[in-house]
Amino acid sequence: MNRRAFVFSAAVASGLPSFNALGEVADATQAVEKIVGNKNVSRGRVTLVIPPLVENGNLVTMKVSVESPMTKTDYVQAIHIVAEGNPLPNVVSFYLSARSGRAVITTRIRLGDSQRVRAIAHMSDGSFWQGDASTLVTIAACAEV
Amino acid sequence: MGKTSRTLVTMPASAKKGDIIEIRIIVQHDMESGFRHTETGQRVPRDIIRDFLCTYNDIEVFRVELHPGMGANPMIIFTTVATESGTLEFKWTGDDGYASSTTSQLLVT
C-alpha cells in the first residue's frame with residue numbers, strides 16, 4: 001500500500017466526511033443561496049474568462065460578460081462572483097442598470113486555491129443565470145506572510 | 001477626516017450621444033484580507049474598500065460591493081451609455097473611515 005492509498009483509507013476509516021475542499025464548496029453553495037434565495041439558477045448566457053493556469057493567485061484578471069439586450073425592460077441587474085475555494089467565497093458583486101449599455105466587466109481578484117469560479121447574473125425579470133470557469137493556481141493568495 | 005488614497009480614472013473626454021463608453025478605475029489600496037498572519041502568528045485585521053459607486057449627473061449608474069477576494073489596488077473596467085454632457089463622480093468607501101472620490105467631465109455631442 002503506498003502512502004496516498006494509506007492516507008485515503010485512513011480518512012475513510014476514521015469516518016471523516018473529509019476533504020477540506022468539500023467544506024469549501026458547501027460554503028460557496030451557502031453563499032449562492034444567500035444571493036439567489038430559493039430561485040432556480042439556469043446555466044448559460046454568462047461567460048466568465050479567467051486564465052486556465054495562474055501563477056500567482058494574488059492578482060488574477062477575470063472578465064465576465066452576460067448576453068443581454070440591456071434595454072430599459074430587459075437588462076442585467078447584478079453580477080455576483082463566487083470563488084468556491086476561497087476562505088470567503090463571495091468575491092465581488094456588480095450592480096448594473098440599463099444605462100450600462102453592455103454587461104461586460106473586467107477586474108482583478110484573489111484566488112486561494114485551484115478551483116472553480118462562478119459568475120451569477122441577476123436579470124431584470126428576476127431570473128438567475130450562471131457561468132463558471134476552472135483554474136489551476138500555483139501560488140495561492142493569502143499564503144505569504 | 002478618515003483615510004484616503006490615490007485614484008485613477010481613464011475614460012474618454014467626449015462621446016457621441018448613445019455611445020457606450022468604457023471607464024477604467026484603479027484605486028490605491030492594500031485590500032488587507034484579514035486572512036493573513038504576521039510572523040508571530042497574529043492575525044492581520046481586515047482593512048478593505050467595501051463599496052464603489054459611480055454616478056452620472058447625480059444618478060447612480062454603476063455600483064460594486066467589494067469583499068476580501070478582490071485584488072490589491074482594485075481595478076474595474078465597466079461601461080455606461082453617454083446620454084448627456086455632465087459630470088461623472090466616482091466614490092470609494094471602506095473600513096476605518098476610508099473614503100476617496102474623484103470626478104470626470106464628459107462632453108456629449
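**Figure 1. Chain B of this predicted model is built from strands.** The secondary structure of chain B comprises zero helices and eight strands. Read along the sequence, the pattern is therefore β-β-β-β-β-β-β-β, a run of strands under the assignment used here. The C-alpha trace of chain B spans about 60 × 25 × 20 Å along its principal axes. Of its 109 residues, 29% count as buried. Among contacts in chain B between residues at least 6 apart in sequence, 58% join residues at least 24 apart.

**Figure 2. Chain A contains both helices and strands.** In chain A the secondary structure comes to two helices and nine strands. From the N terminus on, the order of these elements is α-α-β-β-β-β-β-β-β-β-β. Chain A has 145 residues, and buried residues make up 39% of them. When contacts in chain A between residues at least 6 apart in sequence are considered, 67% join residues at least 24 apart.

**Figure 3. Chain B touches chain A through a set of residues to which β5(B) and β6(B) contribute.** Across this interface, 25 residues of chain B are in contact with 27 residues of chain A. On the side of chain B that touches chain A, the elements giving two or more residues are β5 (59-66) and β6 (75-81) of chain B. Of these, β6(B) gives the most, with seven residues. What kinds of residue make up the side of chain B that touches chain A? They divide into 13 nonpolar, eight polar and four charged.

**Figure 4. Strands from the two chains pair with each other.** Strand β6 (residues 90-95) of chain A pairs with β5(B) in the antiparallel sense, and the pairing extends over four bridges. Within this view, A:Y95 stands opposite B:R63, a residue of β5(B).

**Figure 5. An open sheet of six strands includes members of both chains.** The order of the strands is β2(A)-β4(A)-β7(A)-β6(B)-β3(B)-β1(B), with antiparallel pairing. Which strands form the edges, each pairing on one side only? The edge strands are β2 (46-49) of chain A and β1 (7-10) of chain B. On average, neighbouring strands of this sheet are turned by 20° against each other, direction ignored.

**Figure 6. At the chain B edge of the sheet, β1(B) pairs with β3(B).** The partner of β1(B) is strand β3 (residues 20-27) of chain B, and the two pair in the antiparallel sense over four bridges. In this view B:L8 stands opposite B:I26, which belongs to β3(B).

**Figure 7. A:A121 is a well-connected member of the largest nonpolar core.** This core holds 55 residues, of which A:I79, A:I81 and A:A121 touch the most other members. The largest share of the core, five residues, comes from β5(A). In soluble globular proteins, nonpolar side chains tend to be buried together. Which residues are in contact with A:A121, leaving aside its neighbours within four places in sequence? They are A:R45, A:V46, A:V66, A:V76, A:I79, A:F128 and A:W129.

**Figure 8. A:T71 is located in a loop of chain A.** The loop that holds A:T71 lies between β4 (60-66) and β5 (76-83) of chain A. Is A:T71 buried or exposed? A:T71 counts as exposed because it has 9 C-beta neighbours inside 10 Å, and a residue with 12 or fewer is placed in that class. The C-alpha atoms of A:T71 and A:G101 are separated by 7.9 Å, although these residues are 30 apart along the chain.

**Figure 9. B:N73 has a positive phi in a loop of chain B.** Phi of B:N73 is near 50°, a positive value in a residue other than glycine. The place of B:N73 is in the loop between β5 and β6 of chain B. Because B:N73 has 17 C-beta neighbours inside 10 Å, it counts as partly exposed.

**Figure 10. B:D96 also shows a positive phi, in the loop between β7 and β8 of chain B.** Although B:D96 is not a glycine, its phi is positive, at about 60°. The loop in which B:D96 lies runs between β7 (86-94) and β8 (98-108) of chain B. B:D96 counts as exposed because it has 10 C-beta neighbours inside 10 Å.

Definitions and conventions:
Residues numbered from 1 in each chain as written. Chains lettered and ligands numbered in written order. Predicted model: local features only at pLDDT ≥ 70, side-chain atom pairs only at ≥ 80, totals over all residues. Contact = placed C-beta atoms within 7 Å. Nonpolar A, V, L, I, M, F, W, Y, C, P; charged D, E, K, R; others polar. Pairing = 2+ DSSP bridges. Buried ≥ 20, exposed ≤ 12 C-beta atoms within 10 Å, placed from the backbone. Axes fitted to C-alpha atoms, helices over the stretch in contact; angles between N-to-C directions. Core = buried A, V, L, I, M, F, W, Y, C linked by C-beta atoms within 7 Å.
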